[in-house]
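This briefing goes through one protein model by topic. Please look at the sequence and the structure before reading the points below.

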Amino acid sequence: MTSETPSLTGTGPASPPPGCPAHSLGPAGPHRLYGPEAEDLDDLYDRLREEHGPVAPVLLHDDVPMWVVLGHAENLQLVRSPSQYTRDSRIWTPLKEGMVKPDHPLMPHIAWQPICSHAEGDEHERLRDAVTAAMATIDHRSVRRHIGRHTQALVNGFCERGRADLVRQFAEHLPMAVMCEVLGMPEEYDDRMVQAARDALKGTETAIQSHRYVMDALSRLTARRRARPEDDFTSHLVAHPAGLSDDEVREHLRLVLFAAYEATANLLANALRMVLTEPGFRAQLNGGQMTVPEAIEQSLWDEPPFSTVFGYFAKQDTELGGRRIAKGDGLLFAPAPGNVDPRVRPDPSASMQGNRSHLAFGGGPHECPGQDIGRAIADVGVDALLTRLSDIRLDCAEEDLRWRSSIASRHLVALPVRFEPKPQQDVDLPPRALPVPPQRSNWQVGTLSSDPAPATRPQPPQPVPAPRPVPPAPEPPRPQGVWQRVLRWWRGD
């Protein structure tokens, strides 16, 4: 049985064209995912779920029709059914019929590109094999050392001031620094590269120039590795038997860099916000009931880095979540509403500790191949920062935190924090917490006389005993063997 709901694209039972008044924005019709109605997308997704169930009709900019998949099971069915759904937007009916103009705000996300995440069949296998094979050559011990060293350097940049913005000074920098190392261009990492990537992803007026800046760096890297291979991701991508052209190498470097940067910057900011604003979360971490990797997984459930992913397109007439999906219809894979589907999370506040079945990294043939690097950046980065700044606390009211929301993602604008100023540390050594200050030994505990002196008679000052010198606490024996092994691991010896 399939629903009699009309197709969004006009095939089958008659459907009004985009912008027609018959596109009621009331309870029975599609809602806009842009404009005033979409200011609170979480609330809108809840209303769509109540009105339409796990698959709901919506309108993109210029009232272009689309489906958004709200159910957890339905999202998995979407991404795991390559025989029914493709990432190739060239079959999308609104695009073929001219409803989607070249200057549509979402065109950079929707337009087909010759990359593995848009390809199908043999071409997808060829490109995806090259990317996954290059990923498999990454030394994860080396990556964790890069993460630790860059975390140390970033914290050194603000630890002596006693305050920081963890979005601008930490979360937006650490993923770019690490990914430049992984790709083989550490010399390209600087403030300008971070700003260019951030600007290109936001789609501002200068996004084209910023995108060109990043692509120029990737072009230089491709040419260098074509002429002089080294042991890095780019060299292995260039040398893969699939024989990627320079354009294909550049496009896949851009895909890996931007996806890793955007997803991990959001993940870091969201995880740190949870630690700082949810007392139970911090208590579980400090008390050992939860590890940092488990805290990261909880964040991936509650605040996935990408709210929705553009897009999937029906290769044939089919059915999903009780809705009739016509050939050429477009669908949004939606991790944010899918992760809070009441059928899998009846209590959204309940801990999901130990459960990795969230939708944050997609699934099926297009599942994110670099998710282990993203997790490592978040795990090591958060752990090292909390080790260095154990007294860190939010420097504003929680309700004053602001987000920048779009259909694709929800960014924390700033995360101001305060802590006692700390000295810098050697970036080549593991982070260490400062010792707890010794307990004061000269506390004077006074006693009250049962016969207090009259208020009119001044009391002579009472002598205060001189504080006794406190002998320095003996240093605990250092397990030389273990410490030397840690240092060797950190340095990569």
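Which helix gives the most to the lining of the second largest pocket? Helix H1 does, with 5 residues. The model is predicted, and the points below cover this pocket, two helices, ring contacts and one buried aspartate.

**Second largest pocket**
- The volume of the second largest pocket is about 450 Å³.
- Its lining consists of 22 residues. Nearest the pocket centre are Asp42, Asp302, Glu303, Ala336 and Arg410.
- At least two lining residues come from each of helix H1 (41-52), helix H14 (292-302), helix H15 (335-339) and strand S11 (403-405).
- Arg410, one of the residues nearest the pocket centre, also has its charged end over the ring of Trp403, 4.2 Å from the ring centre.

**Helix H6**
- Helix H6 covers residues 140-156. Its 17 residues should span 24 Å at 1.5 Å a residue, and the end C-alpha atoms are 24 Å apart, so the expected span and the model agree.
- The helix is mostly covered, with 12 of its 17 residues buried. Among them are the charged or polar residues Arg145, His146, His150, Gln152 and Asn156, along with Val143, Ile147, Leu154 and Val155.
- Asp139 caps the N-terminal end of H6. One of the side-chain oxygens of Asp139 lies 3.1 Å from the backbone nitrogen of Arg141.

**Helix H16**
- Helix H16 runs over residues 371-388. For its 18 residues, 1.5 Å a residue gives an expected span of 26 Å; the end C-alpha atoms are 26 Å apart, so this helix agrees with expectation.
- H16 is largely enclosed by the rest of the structure, because 15 of its 18 residues are buried.

**Aromatic pairs**
- The model has 3 aromatic pairs. One of them joins Trp92 and Phe313, with ring centres 5.6 Å apart; the planes meet at 45°, so this pair is tilted.
- Trp92 is in the loop between strand S4 (85-86) and helix H3 (93-96), while Phe313 is in strand S6 (residues 309-314), so the pair ties together parts 221 residues apart in sequence. Trp92 and Phe313 are both buried.
- Tyr312 and Phe333 form a pair with ring centres 6.5 Å apart. Their planes lie at 65°, and the pair is edge-to-face because the angle is over 60 degrees.
- This second pair links distant parts of the chain, with Tyr312 in strand S6 and Phe333 in strand S9 (residues 330-333), 21 residues apart.
- Tyr312 has 5% relative accessibility and so counts as buried. Phe333 is buried too, with a relative accessible area of 4%.

**Charge over a ring**
- Arg90 lies over the face of Trp112, at 3.8 Å from the ring centre.

**Asp165**
- Is Asp165, a residue of strand S5 (residues 163-165), buried or exposed? Its relative accessible area is 13%, so Asp165 is buried, the cut-off being under 20%.
- The side chain of Asp165 reaches two backbone nitrogens: that of Val167 at 3.0 Å, and that of Leu415, which lies 2.9 Å from a polar atom of the side chain.

Methods: Residues are numbered from 1 along each chain as its sequence is written. This is a predicted model: local features need pLDDT of at least 70, side-chain atom pairs count only at pLDDT 80 or more; totals for chains, interfaces and linings use all residues. Side-chain values use heavy atoms; hydrogens and water are left out. Helices (H or I, at least four residues) and strands (E, at least two) are DSSP runs, numbered from the N terminus. The expected span of a helix is 1.5 Å times one less than its number of residues. Buried means under 20% relative accessible area, exposed over 50%, partly exposed in between (1.4 Å probe, protein chains only). A polar contact is a pair of N or O atoms within 3.5 Å; within protein, one must be able to donate a hydrogen and the other to accept it, and residues adjacent in sequence count only if both atoms are side-chain atoms. Rings of Phe, Tyr and Trp (its six-membered ring) pair if their centres lie within 6.5 Å; planes under 30 degrees apart count as stacked, over 60 as edge-to-face and the rest as tilted. A charge sits over a ring if NZ of Lys or CZ of Arg is within 6 Å of the ring centre and within 35 degrees of the ring normal. On a 1 Å grid over the protein atoms alone, a cavity is a set of points where a 1.4 Å probe fits but cannot get out, and a pocket is an open set with protein on both sides within 12 Å along at least five of seven lines; lining residues have an atom within 4 Å of a point. Grid points are joined across faces, edges and corners, and a volume is the space filled by probe spheres set on the points.
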